[in-house]
Amino acid sequence: MLQDANPLDATRLVRGERVHRAAYVDPHVFALEEERIFRRVWLYVAHESEVPAAGDYVLTRLGPEEVILARQENGTLSLLHNRCAHRGARIVAEPRGNLRQLRCPYHAWTYRLDGSLLGVPLAESYASVAELPGLARVPRVASYRGFVFGSHAASGPGLAEFLGGLASAFDNLVDRAPAGTVSRFGGALRLEYRGNWKMFMENAVDLVHPGSVHKSSVEAARAHPETLTADAITQQGAQMFLANGMKAAQWNEVELHTLAGGHVYMGGFYRQGVIAPERHDPVFERYRQVLIARHGAQKAAAVLAVDRFNNLVWPTLSINARFGAMRIVRPLAVDRTVVEVQCFRLDGAPQEMHELTLQFVNLAASPASLVASDDLEIFERCQRGLASRGEEWIDMRRGVLAGERRGDAAAVAPGTSELPVRHQYAAWQRWMSA
Amino acid sequence: MSEEVERFLLQEARLLDERRFSAWLELFADDGVYWLPTRPDQTSPHEALSLIYEPRALLAVRVARLERPDMHVQSPPSRTVHHVSAIEVDGDGADITARSALIVSEWRAGESRWFAARVLHRLRRTPPGLRIALKRVDLADSEAPHRAIAVPF
């Protein structure tokens, strides 16, 4: 698609405040992203609470490849490719469970939970069983406050260095738990769209789209003001729908923070009259008291005052600490993406808090959500529109400032700026260039 | 009673296919709930995520949106066929349970897709007629990745 681009020079796809449409539609670009980004960076795989006991495992993905995260007898985690060393069969098919060993269903090769070979049938027919391989291991696996990441690259920046300033999003989520830990709960919602993975990450910090894309849910909620005095689930949903109806001046009070590494978060998001900065109902007051018992009044207040909405870990993760939600973007092809939405329980908090978390996520992030469904529609329209060769370049210059700092520098911009997109592309360019 | 409930379910399906969403909403009791769980064995909306869990007040917002021209994911609108079968009715006259099988075909923007579900209706007899206290739709592929879902099942 990109002429004379062999080998493909991805750095040519970003020029100032424009990006070439090939970044979204060219399968060669996607193949290069897989090699240079997804096989090198740290990607989220699962939470430690999903594998609490020895022998527990979950099937998950590291980029496009399926991997097994298992808790070994000695308590450490192993991350293995789900592919028998013999003929390549997928070994584990159930999404989670507890196993003492991994056994291939084809010829019954067995492996320990660290991937090493335990036994093969007809061992005497091999010159040396000791020379047979075990399961391929993912070279690096590391945890940050219970959140487990893996990297296909044997070397590179460590997890803490990679997360950089955005580690604070995980800190805030865990600090909100009165018991000091969070646990995955509630299963998952999975959304699919026929569009490029980057669209989701760009849209998650674009505060001009709600006025147009989400107008129908804003107006529908305005037509039903009785929802604001109904049950807690309905109130919370109506507030979330109405928040998308803010005017540009109000959105500009939101601060877009860019951090080294391509990460972005939105601060100053919650305000009276939209989504209240803090709740003051009896359930929340009970929660506040147990949180104060853990942290003391001063730290508890500071933890609750963190008013960020989406925290985006470049390239493919979004965390909302206040609502205990995480979205994992899984690129499947240049024009096909799945987003998995997961929830976390604040251990030690009242049960009703977790019920509201589930209902918030249902309403905000389900494929049937009044909000998310229009985002999915727009991603698919972008993908279809970008098939056009009438114009090769995409514009991202909204709110550009002279001498703007991007990529490996931290900066702040008003809510309606496209700085986050430019910032994400600066990181993209750096990883794609070599 | 069985025949009356059957007629009710078929009429409900036709309202959705004819995009008479406000009339569909009227079939719900004031405390009625529309629920699409993510897990087949889910017993409560508070134990796991749901594709939709909406008390009638929120369902009214969903319906109001379906009638707006600026709902992008329904521009152009879907054409659906809700095929209801295998209806089984239980109950004592006032509180009725109906179980059915549902196939929905949806055509929109040049593409067709299909859904299959088991459906549970808890119905209540009221002066104006039967009303839905709970409609639970268990999609066969409830845990799978789904593209945008806009027309109710």
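Select domain 1 (43-151) and domain 2 (165-432) of chain A, the two parts into which this chain is divided by bounds that come from an automatic or database domain assignment, and place a marker at the C-alpha centre of each: the two centres lie 33 Å apart. This is a predicted model, in which local features need pLDDT of at least 70 and side-chain atom pairs count only at pLDDT 80 or more, while totals for chains, interfaces and linings use all residues. Residues are numbered from 1 along each chain as its sequence is written, with chains lettered from A and ligands numbered from 1 in the order in which they are written.

Stay at the boundary between the domains, where the contact (C-beta atoms, placed from the backbone, within 7 Å) takes 11 residues from domain 1 of chain A and 13 residues from domain 2 of chain A. On the side of domain 1 that touches domain 2, strand β3 (residues 43-47) of chain A gives the largest share, 3 residues; strands (E, at least two residues) and helices (H or I, at least four) are DSSP runs numbered from the N terminus. Coloured by class, that side of domain 1 has 5 nonpolar, 3 polar and 3 charged residues, where Ala, Val, Leu, Ile, Met, Phe, Trp, Tyr, Cys and Pro count as nonpolar, Asp, Glu, Lys and Arg as charged, and the others, Gly among them, as polar.

Next, select α8 (232-243) and helix α12 (residues 351-365) of chain A, whose axes (lines fitted to C-alpha atoms over the stretch in contact, with angles from 0 to 180 degrees between N-to-C directions) come within 10 Å and cross at roughly 40°. The two helices are therefore oblique to each other, a term for angles outside the ranges under 35 degrees (roughly parallel), over 145 (roughly antiparallel) and 65 to 115 (roughly perpendicular). Show A232(A), I233(A), Q236(A), G237(A) and M240(A) of α8(A) with L356(A), Q359(A), F360(A), L363(A) and A364(A) of α12(A), which make the contact; by class, it has 7 nonpolar, 3 polar and no charged residues.

Then move to helix α7 (residues 215-222) of chain A, where S216(A), S217(A), V218(A), A220(A) and A221(A) are buried (20 or more other C-beta atoms within 10 Å of the residue's own, these atoms being placed from the backbone). These buried residues pack against α8 and α13 (372-385) of chain A together with α3 of chain B.

Finally, follow α3(B) to the interface, where 31 residues of chain B are in contact with 41 residues of chain A. On the chain B side, α3(B) supplies the largest share, 7 residues.

Methods:
Contact = placed C-beta atoms within 7 Å. Buried ≥ 20, exposed ≤ 12 C-beta atoms within 10 Å, placed from the backbone.
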